[in-house]
Amino acid sequence: MFFSKAPTVAEVEVRAALNSYRDAYLSVDLDTAKAVRKLEIKGGKVAVELMLGYPLAGHAETMRAALAGLVKAVPGVEQVDIHLTWQIAAHTVKGGAPSV
């Protein structure tokens, strides 16, 4: 008797798919931007958590749909969950400059 094994989804292929996304506000891919906070693969299910350094209001759904499409194109991927958040880093005032 033969058992069929579900295809294994490779993390490297999922990362390549994510990194093929070109965001209008980033000059680098998502890995280089350190935006990928979590990548979990369980069988054909892929969950991705991204944190970006700019507000995503008005842009999040478009970005989520584009990323999900890219990841779903990876062989073996059956379900994709993309979670997007953002955090804007506070910058310190240079010496001598008055704070606002």
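**View 1. Arg64 and Glu61 pair up in a salt bridge.** Here the two side chains meet with 2.3 Å between N and O. This is a predicted model, so read the distances with that in mind. Both residues sit in helix α2, three residues apart, which means about one helical turn lies between them. Glu61 counts as exposed, at 56% relative accessibility, while Arg64 is partly exposed, with a relative accessible area of 23%.

**View 2. Arg15 reaches Glu11 within helix α1.** These two also form a salt bridge, at 2.9 Å from N to O. They are four residues apart, again about one turn of the helix. Arg15 is partly exposed at 26% relative accessible area, and Glu11 is partly exposed too, at 40%. Salt bridges with shared partners bring in Asp31 as well, making one network of Glu11, Arg15 and Asp31. A search of the whole structure turns up five salt bridges.

**View 3. Asn19 sits in helix α1, which covers residues 11–19.** Is Asn19 buried or exposed? At 16% relative accessibility it is buried, because the cut-off for that label is under 20%. Setting aside neighbours within four places in sequence, Asn19 touches Asp29, Leu30 and Asp31.

**View 4. Three strands make an open sheet in the order β1-β2-β3.** The pairing is mixed. Strands β1 (36–42) and β3 (79–86) are the edges, each pairing on one side only. From one strand to the next, the twist averages 10°. Strands β1 and β2 run antiparallel, joined by six bridges, whereas β2 (residues 45–52) pairs with β3 in the parallel sense over eight bridges.

**View 5. Glu49 in β2 has a partner in β1 and another in β3.** Its bridge partner Lys38 belongs to the β1–β2 pairing, and His83 stands opposite Glu49 in β3. Lys38 also forms a salt bridge with Glu40, with the closest N and O atoms 3.9 Å apart. Lys38 is partly exposed, with a relative accessible area of 44%, and so is Glu40, at 31%.

**View 6. A hairpin links β1 and β2.** Two residues lie between the strands. Take a look at Gly43, which has a positive phi near 65°.

**View 7. Helices α1 and α2 meet the strands.** Helix α1 lies across β1 and β2, running at about 135° to β1. Helix α2 (residues 60–72) packs on the sheet and touches β2 and β3, with its direction at about 145° to that of β3.

Technical notes:
Residues are numbered from 1 along each chain as its sequence is written. This is a predicted model: local features need pLDDT of at least 70, side-chain atom pairs count only at pLDDT 80 or more; totals for chains, interfaces and linings use all residues. Side-chain values use heavy atoms; hydrogens and water are left out. Buried means under 20% relative accessible area, exposed over 50%, partly exposed in between (1.4 Å probe, protein chains only). Contact means heavy atoms within 4.5 Å. Two strands pair if DSSP finds at least two bridges between them. Axes are lines fitted to C-alpha atoms, for helices over the stretch in contact, and angles run from 0 to 180 degrees between N-to-C directions. A salt bridge is a side-chain nitrogen of Lys or Arg within 4 Å of a carboxyl oxygen of Asp or Glu.
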